[in-house]
Amino acid sequence: MASDLPPPYTALTRHEMMPRTTHDEAARFNFLTHFNRYLSGSIGSGNKLAYEKRVLPAFRAEHGRDPDHRYEIRDAMNRDQWHRMWSALKRNSMEMRQHFGRQVVLRQLDELDAMARQYNEHSGMLELDASVEQPSYQTAVDIHCQPGGYHGGERAGDVAVGANYDVGLFATVGGALGGLNDGGGQAVVDWVKAERPDWKPRRILDIGCTIGHNAVPIAQAFPEAEVIAIDTAAASLRYGAARAAALGVKNIRFVQASGEDLSRWADGHFDWVQTTMFLHELSAKAMPRIMEEANRVLAPGGLILHIEQPQYSDDMPLFEQFMRDWDAFNNNEPFWSAMHGQDLKEVMAKAGFPRDAQFTAGVRAVVDPEIFPPSPDDGEEDFGRAAIWNAYGAWKPIAQEQAA
Ligand SMILES: C[S@@+](CC[C@H](N)C(=O)[O-])C[C@H]1O[C@@H](n2cnc3c(N)ncnc32)[C@H](O)[C@@H]1O
């Protein structure tokens with residue numbers, strides 16, 4: 001396999017809950033994986049060229065200065081033919097991904113629902129609560145073109161959303177998260193074990209777990225711990241709990257609850273509060289509430305860790321900010337831009353995490369060497385094989401009053 005090609009769809013790890021794909025369905029996902037690679041590679045690099053050769057000189061001629069905000073670059077680039085073509089193709093790839101996944105899932109939904117029911121009845125790892133409100137910032141749009149977002153479904157009690165998420169993520173990220181799409185969670189585990197080799201968290205809370213791609217590897221790595229994975233979306237939790245049971249994981253519970261209201265857990269109940277690629281989906285009102293609740297339920301000496309794409313800062317070129325902003329305006333991620341423009345350290349400080357207890361670290365996805373050739377560890381994002389995130393976190397001071 002050439003090192004610059006994404007792995008084939010057949011590299012996806014099969015577990016009992018994973019929807020089955022026919023030859024043609026796998027071929028469609030293969031097409032999509034390569035299409036995405038092509039869009040982020042050869043075609044995507046044309047955006048920078050268009051900016052430098054055409055758009056920036058025209059902007060300078062018109063305004064007598066350089067753009068001073070990513071939105072100015074967006075306005076100018078949205079008039080450029082190359083960028084419009086790239087953007088339309090990228091949007092199309094997102095819509096295709098949903099169509100392909102739904103087609104696979106809907107034709108076997110009866111079997112998937114029956115299997116999930118069986119797993120969930122026996123495992124005791126699923127706890128739904130119909131009184132939990134579905135946040136309007138989640139249900140108002142079809143997040144990243146996913147029909148009904150994470151909360152939708154084809155019929156009451158089904159697992160369609162979760163199954164579609166699982167079967168298609170490999171194609172969206174070009175296989176960059178490994179065979180179980182859990183490279184992010186594995187990376188978190190590696191980071192924590194390197195940072196505190198002897199640390200033994202007893203109770204771990206994962207907020208916004210979706211189907212547990214990244215909560216499950218944490219449960220596997222800390223078998224003595226109890227992991228509570230919460231989400232407001234019952235449709236995703238039903239699939240997630242069944243998937244975890246199919247993988248043989250026992251120390252995790254999928255609970256329907258909102259991060260905005262963790263009142264069922266006492267102050268200091270958890271040793272570790274984790275979120276993974278979650279904060280960018282929160283409204284400006286929800287984010288501080290969740291941070292405050294997370295602080296309340298975290299024990300002194302405990303860890304809070306948020307995995308996200310890097311925040312925009314003065315050190316990040318405006319053109320890169322503009323490119324990273326694409327999802328906000330073209331892929332139904334309404335909070336992406338504002339969230340990444342926020343000073344996350346300030347948000348965490350206001351929620352009670354003292355600044356000197358906070359840290360930022362780079363976290364690189366752990367990928368399966370059976371699928372991927374080793375990639376050079378030069379710290380640069382390589383758009384496909386190894387995803388790189390930032391971890392925004394804090395170790396909660398033991399005596400917070402004194403440390404604050
Ligand atoms: C991008 S996904 C997170 C991915 C997931 N953490 C993983 O590692 O695969 C965002 C999730 O957050 C959930 N969510 C949104 N608002 C929430 C809230 N207030 N409380 C709990 N979950 C929430 C959504 O339902 C969705 O499943």
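**Figure 1. The methyltransferase domain annotated by UniProt.** In this predicted model, residues 204-302 correspond to the feature "domain: Methyltransferase", which is taken from an unreviewed UniProt entry. Helix accounts for 32% of the span and strand for 27%. The C-alpha atoms at the two ends of residues 204-302 are 10 Å apart.

**Figure 2. The residue shell around the ligand.** The ligand is surrounded by 22 residues. Those that come nearest are Tyr150, Gly208, Thr210, Asn214 and Thr276. By residue class, the shell comprises nine nonpolar, 10 polar and three charged residues.

**Figure 3. The largest nonpolar core and the surroundings of Val273.** In soluble globular proteins, nonpolar side chains tend to be buried together. The largest nonpolar core of this model contains 85 residues, and Ile252 and Val273 have the most contacts inside it. The greatest contribution to this core is made by helix α10 (residues 234-246), which provides eight residues. Domain 1 (20-127 + 158-168) and domain 2 (179-403) are each represented in this core by at least three residues. When residues up to four places away in sequence are not counted, Val273 touches Leu205, Ile207, Ala294, Val297, Leu298 and Ile304. A second core, separate from the largest one, consists of six residues, among them Tyr51, Ile73, Ala76 and Met77.

**Figure 4. The contact between the two domains.** The chain is divided into domain 1, made up of 20-127 + 158-168, and domain 2, covering 179-403. Their C-alpha centres are separated by 22 Å. Domain 1 contributes 31 residues to the contact, and domain 2 contributes 30 residues. On the side of domain 1 that touches domain 2, at least two residues come from each of α1 (23-43), α2 (45-63), α3 (70-77), α4 (81-106), α5 (109-123), β1 (126-127) and α7 (160-172). This side of domain 1 includes 14 nonpolar, eight polar and nine charged residues.

**Figure 5. The environment of Asn390.** Asn390 belongs to strand β8 (residues 388-395). Asn390 is classed as partly exposed because 16 other C-beta atoms lie within 10 Å, a count between the limits of 12 or fewer for exposed and 20 or more for buried. With neighbours within four places in sequence left aside, Asn390 is in contact with Glu308, Pro310, Thr360 and Gly362. Trp82 lies 308 residues from Asn390 in sequence, and the C-alpha atoms of Trp82 and Asn390 are 30 Å apart in space.

Methods. Residues are numbered from 1 along each chain as its sequence is written. This is a predicted model: local features need pLDDT of at least 70, side-chain atom pairs count only at pLDDT 80 or more; totals for chains, interfaces and linings use all residues. UniProt positions are given in the numbering used here, feature names are shortened, and annotations may be inferred rather than shown by experiment. Helices (H or I, at least four residues) and strands (E, at least two) are DSSP runs, numbered from the N terminus. A residue is near a molecule or strand if its C-beta atom, placed from the backbone, lies within 6 Å of it. Ala, Val, Leu, Ile, Met, Phe, Trp, Tyr, Cys and Pro count as nonpolar, Asp, Glu, Lys and Arg as charged, and the others, Gly among them, as polar. A nonpolar core is a set of buried Ala, Val, Leu, Ile, Met, Phe, Trp, Tyr and Cys residues joined through C-beta atoms within 7 Å. Domain bounds come from an automatic or database domain assignment. Two residues are in contact if their C-beta atoms, placed from the backbone, lie within 7 Å.
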